[in-house]
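Here's a walk through a protein chain, with a stop at a few residues and then at the rings, cores and pocket around them. Have the structure open while you read.

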Amino acid sequence: MESLRQDAQNLASYLIEVRRDIHRNPELGFQEVRTASLVARTLTDLGMEVSTGIARTGVVALLDSGKPGPTILVRFDMDALPIQEQNSHEYVSQIPGVMHACGHDAHVAIGLGVAKLLAAYRENLRGRVKFMFQPAEEGLGGAKQMIREGVLEQPRPDYALAMHVWNEKPVGWVGVKPGALMAGADSFRILIEGKGGHGAIPHQTADPIYAMAQIITAIQSIVSRNVSPLETAVVSVGSVKAGDAHNIIPQTGEILGTIRTYSEPVRDLVLNRLQVLVEGIAQALGCRATIKINDVTPAVVNDEMVAKIVQNAVARMMPEMVNDTSCQTMASEDMAYVLREIPGCYFFVGSANSDKGLSFPHHHPRFDIDEEVLWRSVAVMSAAVMELAWSK
């Protein structure tokens, strides 16, 4: 472990260079052509069997130790976000309106670092390591598409690992929790159809804006009055659209929002109450409601045994790190689809540093990380792979 840690730290300059190169050249989901080319070229140079064009821009590579043992999938996402970067560092995004505001540039660099390190330690491995560089994690279904195109076959993994740099916590922190870690996500679109008219003659209309206001207030009662206080759920409205003029009551209005839950029973309860409240209120106010639910991703649930192995690997590799075994978030992740089929563990590695001004949250136009997290993440992920390789 000491040798592995030192060699991970020796990769620090390479990791920073790669991460900054990708940060300068961000690509949106299913458009990660340049990033995928860099990944494929690096993995090929390491002597791996590489497949490209999976889910359009996904890359899969196999590192075979030549010895019997488990197949371990390690996944790293590649896509950026449609956000105009507001930072001024020398590696700022060169693509207008697109930036790596969630750390996926770091994930690609970390993935390539893990590939380099494990290739160098091939003789110490058992089984195979399957690298999954995924496009379109940010709500576009990249993981589902890669699964449909066979990423979990030939060979089928025995275990799966993934990680995320985490600006909610400082460098030196790692979060590895058995069980539910991240929430499942659904999005909803509510269309309210009323009867438009003049704002000065409201009694001749069925006002969709008034109905929307009542609906937005009422659906907050789902969590406060229908979900058990011992359970967890979030219902948030993110967009409200209606009307174009100050003196016209519009014909229609639209509400967009998100639902986050950890369990199927709670999800079913929230969706049922949403339907009842929205349709009932709209009808009571002379309007008609149409609700469309989009199942974005299930909850991220870590296998207890795999999570404990990762915790042990962290303790052995990085004993100075704060190992948080109770972390949890209502954010979502499509790695959940992999973990529904393969026992595995998704974990966080702290990447913030308030002393350096590097503490803006994910998806913020000034998001950036302390690059000290890069080699630490390589060390932790590589150690976890090693532990798993010898666990079976």
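## His107 and its surroundings

Leaving out residues up to four places away in sequence, His107 touches Phe76, Asp77, Met163, His164 and Val165. Keep in mind that this is a predicted model. His107 belongs to helix H4, which covers residues 104-120. Is His107 buried or exposed? Its relative accessible area is 0%, so His107 counts as buried.

## Over to Ile216 and Ser239

Now for a jump across the model: the C-alpha atoms of His107 and Ile216 are 37 Å from each other, with the two positions 109 residues apart along the chain. Ile216 sits in helix H6 (residues 208-218). Its relative accessibility is 25%, so Ile216 goes down as partly exposed. Setting aside residues up to four places away in sequence, Ile216 touches Val237, Val240 and Ile255.

Ser239 is part of strand E10 (residues 233-242). At a relative accessible area of 16% it is under the 20% cut-off, so Ser239 is classed as buried. What does Ser239 touch, not counting residues up to four places away in sequence? The answer is Glu254, Ile255 and Leu256. Ile255 thus turns up in the contacts of Ile216 and in those of Ser239.

## Gly175 and the aromatic cluster

Gly175 lies in strand E6, residues 173-175. With a relative accessible area of 0%, Gly175 is buried. Its C-alpha atom is 21 Å from that of Glu2, and the two are 173 residues apart along the chain. Beyond its neighbours within four places in sequence, Gly175 is in contact with Asp324, Cys327, Phe347 and Phe348.

Phe348 brings us to the rings. How many aromatic pairs does a search of the whole structure find? It finds three. One of them is Trp166 with Phe348, a stacked pair at 4.2 Å centre to centre and 20° between the planes. That pair links distant parts of the chain, since Trp166 is in strand E5 (residues 159-170) and Phe348 is in strand E16 (residues 344-352), 182 residues apart. Both Trp166 and Phe348 are buried. Tyr346 and Phe348 make an edge-to-face pair, at 5.8 Å centre to centre and 80° between the planes. Tyr346 is buried as well, and Trp166, Tyr346 and Phe348 form one aromatic cluster.

## Charges over rings

Two charged side chains are worth a look here. Arg56 lies over the face of Phe30, 4.2 Å from the ring centre. Over at Tyr14, the charged end of Lys116 sits above the ring, 4.8 Å from its centre.

## Nonpolar cores

In soluble globular proteins, nonpolar side chains tend to be buried together. The largest nonpolar core in this model holds 72 residues, and Phe131, Phe133, Leu161 and Phe347 have the most contacts inside it. Helix H11 (residues 372-389) supplies the largest share of this core, 13 residues. Another core lies apart from it, with 27 residues, including Val151, Ala336, Tyr337 and Val338.

Back to Phe347 for a moment. Not counting residues up to four places away in sequence, Phe347 touches Ala162, Met163, His164, Val174, Gly175, Val176, Val310, Val380 and Met381. Met163 and His164 are on the contact list of His107 too.

## The largest pocket

The largest pocket has a volume of about 670 Å³. It is lined by 28 residues, and the closest to its centre are Glu137, Glu138, Arg260, Ser332 and His363. Which elements give two or more residues to the lining? They are E5, strand E8 (184-193), strand E12 (252-261) and strand E13 (288-297). E13 gives the largest share, four residues.

## Backbone oddities

Gln154 and Pro155 are joined by a cis peptide bond, with omega at about -5°. Pro155 lies in the loop between helix H5 (142-148) and E5, and Gln154 lies in the loop between H5 and E5 too. Gln154 also has a positive phi of about 50° although it isn't a glycine. Its relative accessibility is 79%, so Gln154 counts as exposed.

Ala55 is another non-glycine with a positive phi, about 55°. Ala55 sits in the loop between strand E1 (49-54) and strand E2 (58-64). Here the relative accessible area is 0%, so Ala55 is buried, whereas Gln154 is exposed.

Conventions:
Residues numbered from 1 in each chain as written. Predicted model: local features only at pLDDT ≥ 70, side-chain atom pairs only at ≥ 80, totals over all residues. Heavy atoms only, no water. Phe/Tyr/Trp six-rings, centres within 6.5 Å; stacked < 30°, edge-to-face > 60°. Buried < 20%, exposed > 50% of the residue type's maximum accessible area, 1.4 Å probe, protein only. Lys NZ or Arg CZ within 6 Å of the ring centre and 35° of its normal. Core = buried A, V, L, I, M, F, W, Y, C linked by side-chain atoms within 4.5 Å. Contact = heavy atoms within 4.5 Å. 1 Å grid on protein atoms, 1.4 Å probe; cavity = no way out; pocket = protein on both sides within 12 Å on 5 of 7 lines; lining within 4 Å. Points joined across faces, edges and corners; volume = space filled by probe spheres on them.
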